[in-house]
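Here are a few friendly notes to read alongside the model. Please keep the 3D view open and look for each residue as it comes up.

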Amino acid sequence: MAKKYTFDFKKQVIEHYFNSNDGYGLTARRFQMPANTVECWVNLYRRKGIEGLKPVTKPRCFSPEFKYKVVRYFIDNHLSQNKTALAFDIHFGHVGRWFKIYQKYGKAGFSMTLNPPQGKADKKMAQKVKKNSEKTKEELLEMVSDLEVEVAYLKKLDALLRQKRLEKKKSIK
């Protein structure tokens, strides 16, 4: 489970970052937290000021089209969840959650409700996704295109991981 930080703590971390020559890593070490969290807070502060660090009090609802747009941006630009979230002014956790839905159910997964208990939700989603025969030719072509892009992305990622492993093995020898 993600650790919750108070507004005052976030403010203290940001003040230290800007008032010292420490980067993300040293600031993170000083406050015993992940460096990417410090980076995220600094980017939020630069973009929205002190208001960007305050907790969100009212939940936001996002359309299926918006979720799809975010996931496509994430995949097409090979960005981190944090950078994608900053680009759309959303919490980075949404990006990961939506990407998992997209991987499992495709674009159709965004138009399904996720409120029922887990077992029922998965069955409902699977049933809805099976109705591809009812989709128009354009919708099916778009779905195929999305899947082709996803496969290309995963192949590229796999190739990069293999290359890193080989380089690591070579450097050890």
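The points below go through a helix, the cores and some ring contacts.

1. A word on the basis: this is a predicted model, where local features need pLDDT of at least 70 and side-chain atom pairs count only at pLDDT 80 or more, while totals for chains, interfaces and linings use all residues. Residues are numbered from 1 along each chain as its sequence is written, and side-chain values use heavy atoms, with hydrogens and water left out.

2. Start with helix 8, residues 137-172 (helices are DSSP runs of H or I, at least four residues, numbered from the N terminus). Its 36 residues reach 53 Å from first C-alpha to last, close to the expected 52 Å (1.5 Å times one less than the number of residues). Its buried residues are Asp 146, Glu 150 and Tyr 153 (buried means under 20% relative accessible area, exposed over 50%, partly exposed in between, with a 1.4 Å probe and protein chains only).

3. Next, find the largest nonpolar core (buried Ala, Val, Leu, Ile, Met, Phe, Trp, Tyr and Cys residues joined through side-chain atoms within 4.5 Å). Among its 17 residues, Val 71, Ile 75, Ile 90, Trp 98 and Phe 110 touch the most other members. Helix 6 gives the largest share, 6 residues.

4. Which kind of aromatic pair do Tyr 5 and Trp 41 form? Theirs is edge-to-face, with 5.0 Å centre to centre and 85° between the planes (ring centres of Phe, Tyr or Trp, the latter by its six-membered ring, within 6.5 Å; planes under 30 degrees apart are stacked, over 60 edge-to-face, the rest tilted). Trp 41 counts as buried because its relative accessibility is 6%.

Definitions and conventions. Helix = DSSP H or I, 4+ residues; strand = E, 2+ residues; numbered from the N terminus.
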